[in-house]
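I sat down with this model to note how its strands, helices and cores fit together. My entries follow in the order I looked things up.

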Amino acid sequence: MAVGERTKTPWLPPRWFIRAAWYTHRALYRVFGGRLGLWRPRADGWGALRLTTTGRRTGRRRSVIIGYFEDGPDLVSLAMNGWGAGEPAWWLNLQAHPDASVDLVDGPRLVHGHAATGEERSRLWARWREIDKNLDAYATRRPHETAVVVLTPRADAPAPSQGE
């Protein structure tokens, strides 16, 4: 963005509506046994995966459905919490316990999460910007930088099958 150029703050629904949508999405996933609620990313859009982390305080398994895109074998998401000020619990859990699992349309995968930094972050943020033209404007709603989270397949995990 050029110096002096202002972006209009994009509209977001009320927080209660965002939270209700999250609960509804997770409920649909559970009711349909995982057959509904996840999808592959498209060339011009993101997909949905189910991430299961270990709770940083409780040690219990916690699951959430988040948006992602693929970067080679890696899965890339944003720790945005519906563009609210706080960090999402799944990201705090992943920072404390980086080994996690994801459920994709193609099946489960074991992953190791980290925050992208430097050139990697710039490249992946630019890719998210291609998917969401309002990304920078949404990001200005948060008091701190939004983490770009990379979920890398774990070396101790079997390779995901192709074309199933």
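Which residue in β6 stands opposite serine 77? I looked it up: the residue is valine 149. I keep in mind that this is a predicted model.

**Entry: β3 and its partners**

I stayed with β3, residues 74–79. I found five bridges joining β3 to β6, and the two run antiparallel. On β2, I counted three bridges to β3, again antiparallel. Glutamate 70 stands opposite leucine 75 there. β2 and β3 make a hairpin with two residues between them. I checked glycine 72 in that turn and noted a positive phi of about 65°.

Next I asked which way the side chains go. Asp74, Val76 and Leu78 point one way from β3. Leu75, Ser77 and Ala79 point the other way. All of them are buried. Six of the six residues of β3 are buried, so I read this strand as largely enclosed by the rest of the structure.

**Entry: the barrel**

I then traced the whole sheet. I got a closed barrel of six strands, in the order β1-β2-β3-β6-β5-β4, with antiparallel pairing. Neighbouring strands are turned by 45° against each other on average, direction ignored. Between β1 and β2 I found eight bridges. One detail I wrote down: glycine 47 has tyrosine 68 in β2 as its bridge partner.

I also looked at α3. This helix packs on the sheet and touches β2, β3, β5 and β6. Its direction makes about 85° with that of β2.

**Entry: the cores**

How many residues does the largest nonpolar core have? I read off 17. Leu49, Leu51, Trp90, Val102, Val149 and Leu151 have the most contacts inside it. β1, β2, β3, α2, β4 and β6 each supply at least two residues of this core. Apart from it lies another core, of 12 residues, with Leu78, Leu124, Trp128 and Val148 among them.

I followed one tryptophan from each core. Leaving aside neighbours within four places in sequence, tryptophan 90 is in contact with eight residues that I list in full: Leu51, Thr53, Val64, Ile66, Ser77, Leu78, Ala79 and Val149.

Tryptophan 128 sits in helix α3, residues 118–131. Is it buried or exposed? I found tryptophan 128 buried, with a relative accessible area of 6%. With the same neighbours left aside, its contacts include Trp46, Tyr68, Phe69, Val76, Ser77 and Leu78. I checked the valine 76 pair: the C-alpha atoms are separated by 9.1 Å, while the two residues are 52 residues apart along the chain.

Technical notes. Residues numbered from 1 in each chain as written. Predicted model: local features only at pLDDT ≥ 70, side-chain atom pairs only at ≥ 80, totals over all residues. Heavy atoms only, no water. Core = buried A, V, L, I, M, F, W, Y, C linked by side-chain atoms within 4.5 Å. Buried < 20%, exposed > 50% of the residue type's maximum accessible area, 1.4 Å probe, protein only. Helix = DSSP H or I, 4+ residues; strand = E, 2+ residues; numbered from the N terminus. Contact = heavy atoms within 4.5 Å. Pairing = 2+ DSSP bridges. Axes fitted to C-alpha atoms, helices over the stretch in contact; angles between N-to-C directions.
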